[in-house]
Amino acid sequence: MGIFDFRDPSKRKKKTGSVIIECDPKAIRINNSSISFPTSYNIIKNILGDATRIEPVMQTKNSVYLWDELGIYCSSADPEKMLMLILVEDNRYGLGHQPKSNFTGTVLIDGEPMDTALENVGNDRPYIIRSVIKDKKQVAIAIGWNPGI
């Protein structure tokens, strides 16, 4: 990057907005946009913007959609049937294909921080939300389709 690259819009560092995910008993909102699972790439793209990368998963029909700066990814065989989003909080834990940055957004459950309210999410909600634990540490959050409903 040259000293005068700021004059060229294509070479400017892109701004990354904050992601706020709000979960209540009936719905999930990402940056104030309601979402339900299964969802489609177009719906997620309208909320988060285009994925930074879309990579094939070897020996499967799946592709991984990665939002590198937001710390979010999704894997799906069909972009019209995405079942889950993964919010990676610590990408040092080799979770397969993963974003280059960690998720630094906010996840609220019934208006409370996730770490204090996760136990409030029962099987009756139209989505699941789970911590991904490695070495006794939460390294990611999975939010997606509840097959029991």
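This report describes the strands, helices and nonpolar cores of one protein chain.

The structure is a predicted model. The chain has two helices and eleven strands. In sequence order these elements follow the pattern β-β-β-α-β-β-β-β-β-β-α-β-β. Of its 149 residues, 36% count as buried. The accessible surface comes to about 9200 Å², and 51% of that area belongs to carbon and sulfur atoms. Among contacts with a separation of 6 or more, 47% are between residues 24 or more positions apart.

**The sheets**

Strands of a sheet pair through backbone hydrogen bonds, in either a parallel or an antiparallel sense. One open sheet of this chain holds six strands in the order E4-E5-E6-E7-E11-E10, and its pairing is antiparallel. Its edges are E4 (53-56) and E10 (127-134), each of which pairs on one side only. From one strand to the next, the twist averages 20 degrees.

Another open sheet has five strands, ordered E3-E2-E1-E8-E9, and here the pairing is mixed. E3 (33-35) and E9 (112-113) are the edge strands of this sheet, and each pairs on one side only.

The table lists three of the strand pairs, with a pair of facing residues for each.

| Strand pair | Sense | Bridges | Facing residues |
|---|---|---|---|
| E6 (residues 72-76) and E7 (residues 84-88) | antiparallel | two | Ile72 and Leu87 |
| E10 and E11 (residues 137-145) | antiparallel | eight | Val132 and Ala140 |
| E8 (residues 106-109) and E9 | antiparallel | two | Leu108 and Pro113 |

How many residues lie between E10 and E11 in their hairpin? There are two residues between these strands, and Asp135 in the turn has a positive phi of about 50 degrees.

**Helix H1**

Helix H1 covers residues 41-48 and packs on the six-stranded sheet. There H1 touches E4, E5 (63-67), E6 and E7. The direction of H1 makes about 10 degrees with that of E5.

Which residues of H1 are buried? They are Tyr41, Ile44, Ile47 and Leu48. These residues lie on the same side of H1, because they cover an arc of only 130 degrees around the axis. The strands they pack against are E2 (28-30), E3, E4, E5, E6 and E7. E2 and E3 belong to the five-stranded sheet, whereas E4, E5, E6 and E7 belong to the six-stranded one. Just after H1 comes Gly49, with a positive phi of about 95 degrees.

**The nonpolar cores**

The largest nonpolar core has 30 residues. Within this core, Ile21, Ile28, Ile30, Leu48, Trp67, Ile72 and Ile129 touch the most other members. H1 gives the most to the core, with four residues. Leu48, one of the buried residues of H1, is in contact with Val19, Ile30, Trp67, Leu70 and Ile72 when its neighbours within four places in sequence are left aside. Ile72 is also the residue that stands opposite Leu87 in E7.

Apart from the largest core lies another core, of seven residues. Its members include Tyr73, Val88, Ala140 and Ala142. Ala140 is also the bridge partner of Val132 in the pairing of E10 with E11.

Terms used:
Residues numbered from 1 in each chain as written. Predicted model: local features only at pLDDT ≥ 70, side-chain atom pairs only at ≥ 80, totals over all residues. Heavy atoms only, no water. Pairing = 2+ DSSP bridges. Axes fitted to C-alpha atoms, helices over the stretch in contact; angles between N-to-C directions. Contact = heavy atoms within 4.5 Å. Buried < 20%, exposed > 50% of the residue type's maximum accessible area, 1.4 Å probe, protein only. Areas by Shrake-Rupley, 256 points an atom, 1.4 Å probe, with all protein chains shown as cover. Arc of directions from axis to C-beta. Core = buried A, V, L, I, M, F, W, Y, C linked by side-chain atoms within 4.5 Å.
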